[in-house]
Amino acid sequence: MTTSDTTLKTATADEPQMSKLNLIEWGRGSFLILIHIVTLITVPLYFIFGNPSLGIILTAAAVYLVCNIGVTAGYHRLYAHRSYAIRSRLVEALVLMGGTLTLQDSVFFWAHDHRRHHRYVDTDKDPYAITKGFWHAHFLWMMMKRDTYDPSGIRDLTARPLLRFQNRWYMPLALGLNVAVTIFAGIIFHDFFGAIALVLLARLVLVYQSTWFVNSLAHFWGTKPFSKEHTAVNNWIVALLTGGEGYHNFHHTFPSDYRNGVRWYQWDPTRVFIWTLSKLKLASNLRFVDRATIQERIARERRETMAATAAAAKA
Ligand SMILES: [Zn+2]
Ligand SMILES: [Zn+2]
């Protein structure tokens, strides 16, 4: 959901303390809770009283994938990290539409928060700091109003007309696209109940949950082969759910790399998507860390772990 409060100021020490109630983002909070409740009621009712078909289920899965690509290849790796560039305006518009469909705010706000997450990870300035608890990182942070909005961190994005257009018309675009996709699926399969239950509600909630798990579970449970300087971990379950974003320890260690999974067996279809675009000359400037640097980082991490274990054994 959007927050169009672009005039947010940084709180100063002189300002009177606001009550906790004033700090809650009531509109967004209510929407997120409501959509989960409505989905949990509607989807079982559809499978009991509706007429589920393979077509409507596959359509919901396809829209889920489009949304996933929109967030991972678009909002995250293209805009927040600028780890590559899309050369085709049409392809960029399609990727941006996928991200808009997810109701996760405009690119400006998403990238603003995500860049702060990387810059200030695990500190009070990290919007979804896992140090404030699993549920804070998962979704409670979205219930709170931003205490800081610093446009200087996204000047490269606010200079782009396409993204300014998306930000300005975010709500009509996001709602319009969701309504259009739902009506289209309903007409094609003569099943509006299924379109609302699966293509709209279940798909939105699954995309929310999988995106949120990157901020919570991928900072909570998994391995740290590249760095222990931050809480980010590699978690293959999150990678499966999100199209590759679960290799978060690698990502926080090398954030400008267009890949998150760097081994051949690691599930990172977003990496394959970007790589394929580049082979089709639709993307360029793919940024990545060379193999020797990655191996050196792993070796350094192992040396430090062994030294720490030896020191603990001596103590
Ligand atoms: Zn993270
Ligand atoms: Zn990131």
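**Helix H2, the enclosed spaces and the aromatic pairs**

User: What is the approximate phi of Arg82, the residue that follows H2?

Analyst: Arg82 comes after H2, and its phi is positive; helices (H or I, at least four residues) and strands (E, at least two) are taken as DSSP runs, numbered from the N terminus. The model is predicted, so local features need pLDDT of at least 70 and side-chain atom pairs count only at pLDDT 80 or more, while totals for chains, interfaces and linings use all residues; side-chain values use heavy atoms, with hydrogens and water left out. Residues are numbered from 1 along each chain as its sequence is written, and chains are lettered from A and ligands numbered from 1 in the order in which they are written. The phi of Arg82 is near 50°.

User: On which residue is the kink in H2 centred?

Analyst: H2 has 27 residues and reaches 36 Å from its first C-alpha to its last, close to the 39 Å expected at 1.5 Å times one less than the number of residues. The bend at a residue is the angle between axes fitted to the seven residues ending there and the seven starting there. H2 has a kink of about 25°, and its centre is Gly74.

User: How many nonpolar residues are in the lining of the second largest pocket?

Analyst: On a 1 Å grid over the protein atoms alone, a cavity is a set of points where a 1.4 Å probe fits but cannot get out, whereas a pocket is an open set with protein on both sides within 12 Å along at least five of seven lines, and lining residues have an atom within 4 Å of a point. The second largest pocket holds about 300 Å³ of space, where grid points are joined across faces, edges and corners and a volume is the space filled by probe spheres set on the points; its lining has 19 residues, with Val63, Val66, Gly98, Leu101 and Val181 nearest the centre, and helix H2 (54-80), helix H3 (89-100) and helix H8 (170-189) are the elements giving two or more residues. With Ala, Val, Leu, Ile, Met, Phe, Trp, Tyr, Cys and Pro counted as nonpolar, Asp, Glu, Lys and Arg as charged, and the others, Gly among them, as polar, three lining residues are polar and none is charged. The nonpolar residues number 16.

User: Which helix gives the largest share of the lining of the largest cavity?

Analyst: There is one cavity of 30 Å³ or more, and the largest cavity holds about 350 Å³ of space. Of its 27 lining residues, Gln104, Trp110, Tyr128, Thr211 and Asn215 are the closest to the centre, and by class the lining has twelve nonpolar, ten polar and five charged residues. Helix H1 (26-49), H2, H4 and helix H9 (192-215) each supply at least two of these residues. The largest share, six residues, comes from H9.

User: What is the angle between the planes of Tyr128 and Trp141?

Analyst: The whole structure has 13 aromatic pairs, meaning rings of Phe, Tyr and Trp (its six-membered ring) with centres within 6.5 Å, whose planes count as stacked under 30 degrees apart, as edge-to-face over 60 and otherwise as tilted. Tyr128 and Trp141 form a tilted pair, 4.6 Å centre to centre, and the two residues are 13 residues apart. Buried means under 20% relative accessible area, exposed over 50% and partly exposed in between (1.4 Å probe, protein chains only), so Tyr128 at 4% is buried, as is Trp141 at 13%. The angle between the planes of this pair is 50°.
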